[in-house]
Amino acid sequence: MMKKVLLGVITGIIAIGAGILLFEVQGSAEYEFVTAFGSDGSGEGQFQYVEDFAIDGEGNLLVTDAINVNVQVFSPGGQFLRAFGDSTDGPNGFQKPEGIAVDRAGNIYVADYLGGFVKKFNANLEHQLTFSELGSEPGQTIESEFMSIGPNDLLYLADAGNNCVDVFDLDGQFQFRFGERGSGDGQMIRPEAAKVTPDGEVFVTDYGNHRIQVFDLHGRFLRKWGTEGSGPGQFRNPAGIAHGPDGRVYTTEVGNARVQVFTPEGQFITQWGSEGSGEGEFGNLHGIVVAPDGRVSVADTANNRVQVFRRVE
């Protein structure tokens, strides 16, 4: 039987029975565990270090694995479909794939943390292009992280080693970058993810400053929220960030082992998760993505699995 968890700030247990666990919470949203898939290993459907996600035009989930050095593709229900990538120097080769994005034509982009390059594949998983390289000059990256494609058909890539976001067109031509090391508005310390909303706002998880920053498509600072801590609206090393069809913003944290949910303006709505290996428990959280039907997939990296949740109205 499914386990239901009312998510938010827990104030007390109000019901336990028949496999259902409910909590009285401060917050109105309820999220429900749907499924989990994956185990430790290098076979089909197994993981060693889940990083980030993208969803293709058919609703399939693409998952990067930094240690298995590949991308695996799963159906919306979590069934393994195929994989690509290897540890060679060939066109399908990676060193440590982390960021991934899919454009409107179905092309797939994979950013390599160690190699500094981004590889583009078509929908048939055939290599099309390699761009960028390791370095600190414009158009180069150091320890590239999670990325996304904006409504302007530009690729926004979190560049942790250079403390900035790099922007490329879909032919791999460098356009501009924004951000520098620091704690002021528009400055960053090891940004982990740059995810763009359909209406053109770039949300960046500012990992080292324990906050979220928001920019326009040109890299101009708009707003921020978050301080270091474990309370609602605080963060300890935010990693993944995603936007739901309901407009909500979903974040993961490496340090707090939880998912938090906000309005686009940064108002806290609810949260769930704690350290562990059970349903709704996490370890070393990384990427997160929300499907068009509202299902939330979470990279439960330490447990070598993907967990899936849904909002219950």
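The questions and answers below go through strands, salt bridges and one sheet in this predicted model.

Me: Which residues of strand β11 point the other way from Val118 and Lys120?
Reply: In a regular strand the side chains alternate between the two faces of the sheet. Strand β11 covers residues 118-121, and Val118 and Lys120 point one way from the strand, with all of its residues buried. The residues that point the other way are Lys119 and Phe121.

Me: Which residue in β11 stands opposite Ile108?
Reply: Strand β10, residues 108-112, is joined to β11 by four bridges, and the two strands run antiparallel. They form a hairpin with five residues between them, and in its turn Gly116 has a positive phi of about 80°. Across this pairing, the residue opposite Ile108 is Phe121.

Me: Which residue takes a positive phi in the hairpin of β11 and β12?
Reply: Strand β12, residues 127-131, pairs with β11 in the antiparallel sense over four bridges, and Val118 stands opposite Phe131 in β12. This hairpin has five residues between the strands, and the residue there with a positive phi, near 70°, is Leu125.

Me: How many residues apart are Lys224 and Asp185?
Reply: The side chains of Lys224 and Asp185 meet in a salt bridge, with a distance of 2.6 Å from N to O. This pair links distant parts of the chain, since Lys224 lies in strand β20, residues 221-225, while Asp185 lies in the loop between β16 (174-178) and β17 (191-196). Along the chain, the separation of the two is 39 residues.

Me: Why is Lys224 described as partly exposed?
Reply: A residue is called buried under 20% relative accessible area and exposed over 50%, and partly exposed in between. Its partner Asp185 has a relative accessible area of 47% and is therefore partly exposed. Lys224 is partly exposed too, because its relative accessible area is 41%.

Me: Is Asp216 buried or exposed?
Reply: Asp216 forms a salt bridge with Arg220, and the closest N and O atoms are 2.8 Å apart. Arg220 is exposed, with a relative accessible area of 51%. Asp216 has a relative accessible area of 14%, which means that this residue is buried.

Me: Which residue forms a salt bridge with Asp300?
Reply: In this salt bridge the closest N and O atoms are 2.6 Å apart. Asp300 is buried, and its partner is buried as well. The partner of Asp300 is Arg305.

Me: What is the count of salt bridges?
Reply: A pair is counted when a side-chain nitrogen of Lys or Arg is within 4 Å of a carboxyl oxygen of Asp or Glu. By this rule the count of salt bridges comes to 16.

Me: Which strands stand at the edges of the open sheet?
Reply: Four strands form this sheet in the order β21-β22-β23-β24, and their pairing is antiparallel. Two of the strands have a single partner each, so one side of each is left without a neighbour in the sheet. These edge strands are β21 (238-243) and β24.

Me: Which side chain does Gln271 join in a polar contact?
Reply: Gln271 is found in strand β24, residues 268-272, and this strand pairs with β23 (residues 259-262) in the antiparallel sense over four bridges. In β24, Phe268 is the bridge partner of Phe262. Gln271 is buried, with a relative accessible area of 16%, and over a distance of 3.1 Å its polar contact is with the side chain of Arg258.

Technical notes:
Residues numbered from 1 in each chain as written. Heavy atoms only, no water. Buried < 20%, exposed > 50% of the residue type's maximum accessible area, 1.4 Å probe, protein only. Pairing = 2+ DSSP bridges. Polar contact = N/O pair within 3.5 Å; in protein donor to acceptor, adjacent residues only side chain to side chain.
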